[in-house]
Amino acid sequence: MHCELVVPGLFAGEAGAPLPAIELLLARARGSSAERCTLRGWLHETFGLGEAPHPAGALTVLGAGGDPGDACWTRADPAHLRVMRDRLVLVPGHALAIRDDEAAALCEALDRHFAPHSRFRRIDAVRWCAQLAEDASYETDCPLDIAGRDVDLARPAQRGAAHRLLNEAQMLLHDHPVNAAREARGEPAINSIWLWGAGRRPREVSARWQSVSADEPLALGLGRAGGARTLALPASARDWLEQAPPQGRHLVVLDALRAPLALGEAAEHREALARLERDWFAPLLAALRAGRIGMLSVHVPDGPDCMCYEAIRGDLRRFWRRPRRLQAYG
């Protein structure tokens with residue numbers, strides 16, 4: 001079995017305590033590099049989507065168990081736009097502590113308002129999708145990748161139906177009782193949606209993996225489109241090993257570090273990294289030592305370079321390659 005991990009954010013921030021399993025694995029593995037990219041860019045390239053715009057909306061619907069059909073879908077994630085003198089700053093939904101009932105009420109109101117020409121679908125509290133009335137494509141970034149940055153809502157890519165949808169959605173959200181209640185509690189309003197990843201389900205997707213395990217529905221959608229078996233991310237590598245076939249190539253997306261890094265939550269990032277070490281890196285290293293895994297790969301797309309580290313059991317005997325602290329790689 002070849003287990004491949006993609007771990008965005010692994011080399012960012014401060015690790016805190018030593019992480020002996022991942023630090024040993026990186027030291028003994030064979031490394032290669034490519035151009036730095038986001039998780040979305042890595043998935044786009046690895047699944048062979050080529051030069052086409054990234055259809056995150058349709059793939060997210062597919063990954064959540066829906067059928068996007070042949071319609072044009074876009075991600076329409078909840079956000080807070082903060083007005084700062086002469087600029088707008090994006091606060092992503094991950095920073096807003098959105099409850100499931102709040103997300104459900106807002107999505108229901110949006111769906112009712114725009115029907116039948118556009119439809120809204122809530123994947124979870126911070127991932128929403130909208131079916132557009134006409135085709136569109138735009139290369140906007142996902143909210144976590146631009147958290148806290150200036151945004152331009154008048155970009156040419158969002159003219160036409162998508163721009164009208166954005167404007168009307170903002171007006172509806174502004175007057176919704178959910179936001180009135182949030183503001184009364186001193187919480188930021190969910191006063192906008194962020195449109196990114198519009199397009200139709202891709203016709204050709206190349207999946208080199210037998211299975212894809214992830215919490216991110218975008219990755220699961222790519223796996224389904226490519227014919228791979230898709231699995232919700234288990235709590236630990238031990239659980240994953242119990243259900244994974246003994247042969248083949250398998251992708252596991254571990255993106256628990258992205259949100260705390262984007263939001264500047266240093267303590268939460270250290271805690272998430274410690275959980276990855278305990279629940280994933282240490283058990284997988286033990287499985288590699290025991291021969292349960294034939295090869296273990298770690299992809300870090302957003303380090304100084306896009307790095308790939310690959311190790312087989314024999315590589316672990318290269319004792320002269322001493323482990324370094326994780327910060328040394330960043």
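This passage looks at the nonpolar cores, one helix pair and a buried arginine in a predicted model. Local features were taken at pLDDT of at least 70 and side-chain atom pairs at pLDDT 80 or more, while totals for chains, interfaces and linings use all residues. Numbering runs from 1 along each chain as its sequence is written, and side-chain values use heavy atoms, with hydrogens and water left out.

The largest nonpolar core (buried Ala, Val, Leu, Ile, Met, Phe, Trp, Tyr and Cys residues joined through side-chain atoms within 4.5 Å; buried means under 20% relative accessible area, with a 1.4 Å probe and protein chains only) holds 42 residues, and Leu5, Leu10, Trp280, Phe281 and Leu326 touch the most other members. Helix α10 (266–290) is among the elements that give this core two or more residues, and its nine are the largest share. Helices here are DSSP runs of H or I with at least four residues, and strands are E runs of at least two. Beyond four places in sequence, Leu5 is in contact (heavy atoms within 4.5 Å) with residues including Phe281, Leu284 and Val298. A second, separate core has 30 residues, among them Leu39, Trp42, Ala56 and Ile146.

Ala56 also turns up where α3 meets α7, with partners there including Pro217 and Leu218 on the α7 side. The two axes, lines fitted to C-alpha atoms over the stretch in contact, come within 7 Å and cross at roughly 80 degrees. The pair is therefore roughly perpendicular, a label for angles of 65 to 115 degrees.

Arg258, in helix α9 (residues 258–262), counts as buried at 16% relative accessibility. Its contacts beyond four places in sequence include Leu39, Asp145 and Glu216.

Key:
Axes fitted to C-alpha atoms, helices over the stretch in contact; angles between N-to-C directions. Parallel < 35°, antiparallel > 145°, perpendicular 65-115°, else oblique. Buried < 20%, exposed > 50% of the residue type's maximum accessible area, 1.4 Å probe, protein only.
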